[in-house]
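Reader: Please walk me through this structure. I would like to learn how to read its features.

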Amino acid sequence: MRAFHICNHMQITKLELNNLEYNAYGLIGDTSVADELIAVLESDFGIHKEANQDFFYGQYENLTIDDARSIKKMHELRPVTAQGKKIFIIVANNINTEAQNALLKLLEEPASYAYFFIIIPQSGLLLPTVHSRLHFIQNTSKRKKNGDLEDVVNDVT
């Protein structure tokens, strides 16, 4: 049944990314959600993680102010690939207040070429100001509690 969940989630992710309409996205989950997101970016947008200087993937137990400053410095560098997009996938189990305030400026005024994907275990970890700057992508695979085939089929149709 897991394959149906991933497939359905990827379909929703594709729909909600809508040609990267927003510069800052939020997702609830863990590294498995990041893996699904990377697969969608590769298959639908031709944006590859491997050997891509414009693709940043950071996984943090606790995202700190120093981490946020490092991300800000990378954001300031213009893209070098032909696609002209810089992708930032940030997976964090926790983000301290100082780091969120540092990221807030990036999320308020991102460069037109920058796309941020912040993946956290629960939205309550974010300050309201940061939360309001993110377009949250629905994660249906986390909503399903019993893995019932009927629920999965209804979601796909």
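The dialogue below takes the sheet, the cores, one buried residue and the salt bridges in turn.

Reader: What kind of model is this, and how are residues numbered?
Author: This is a predicted model; local features need pLDDT of at least 70, side-chain atom pairs count only at pLDDT 80 or more, and totals for chains, interfaces and linings use all residues. Residues are numbered from 1 along each chain as its sequence is written, and side-chain values use heavy atoms, with hydrogens and water left out.

Reader: In what order do the strands form the sheet?
Author: Start with the terms. Helices (H or I, at least four residues) and strands (E, at least two) are DSSP runs, numbered from the N terminus. Two strands pair if DSSP finds at least two bridges between them. Here five strands form an open sheet, in the order β2-β3-β4-β1-β5. The pairing is parallel.

Reader: Which strands stand at the edges?
Author: β2 and β5 (135-136) do. Each has a single partner strand, so one side of each is left without a neighbour in the sheet.

Reader: How many bridges join β1 to β4?
Author: Five, and the two strands run parallel. β1 covers residues 24-28. Gly-26 stands opposite Ile-118 in β4.

Reader: Which strands does helix α2 touch?
Author: Contact means heavy atoms within 4.5 Å. Helix α2 (residues 31-45) packs on the sheet and touches β1, β2, β3 and β4. For directions, axes are lines fitted to C-alpha atoms, for helices over the stretch in contact, and angles run from 0 to 180 degrees between N-to-C directions. The direction of α2 makes about 165 degrees with that of β3.

Reader: How many residues are in the largest nonpolar core?
Author: First, the general idea. In soluble globular proteins, nonpolar side chains tend to be buried together. Buried means under 20% relative accessible area, exposed over 50%, partly exposed in between (1.4 Å probe, protein chains only). A nonpolar core is a set of buried Ala, Val, Leu, Ile, Met, Phe, Trp, Tyr and Cys residues joined through side-chain atoms within 4.5 Å. The largest one here has 24 residues. Leu-63, Ile-71, Ile-90, Ile-95 and Phe-116 have the most contacts inside it.

Reader: Which elements each supply at least two residues of this core?
Author: β2 (55-60), α3 (65-76), β3 (86-92), α4 (97-108) and β4 (114-120). The largest share, five residues, comes from α4. Apart from this core lies another, of 19 residues, among them Val-33, Ile-89, Phe-117 and Ile-137.

Reader: Is Ile-119 buried or exposed?
Author: Buried, with a relative accessible area of 0%. Ile-119 is in strand β4. Leaving aside neighbours within four places in sequence, its contacts include Leu-27, Val-33, Leu-37 and Ile-90. Asp-30 is another contact. Ile-119 and Asp-30 are 89 residues apart in sequence, yet 6.6 Å apart in space, C-alpha to C-alpha.

Reader: How many salt bridges are there?
Author: A salt bridge is a side-chain nitrogen of Lys or Arg within 4 Å of a carboxyl oxygen of Asp or Glu. The count comes to four. One of them joins Glu-76 and Lys-72 (3.5 Å, N to O). Both lie in helix α3, four residues apart, about one turn of the helix.

Reader: What does the pair Arg-133 and Glu-108 tie together?
Author: Their side chains meet in a salt bridge (3.0 Å, N to O). Arg-133 lies in the loop between α5 (128-131) and β5, and Glu-108 in helix α4, so the pair ties together parts that are 25 residues apart in sequence. Arg-133 is partly exposed, at 34%. Glu-108 is partly exposed, at 36%.
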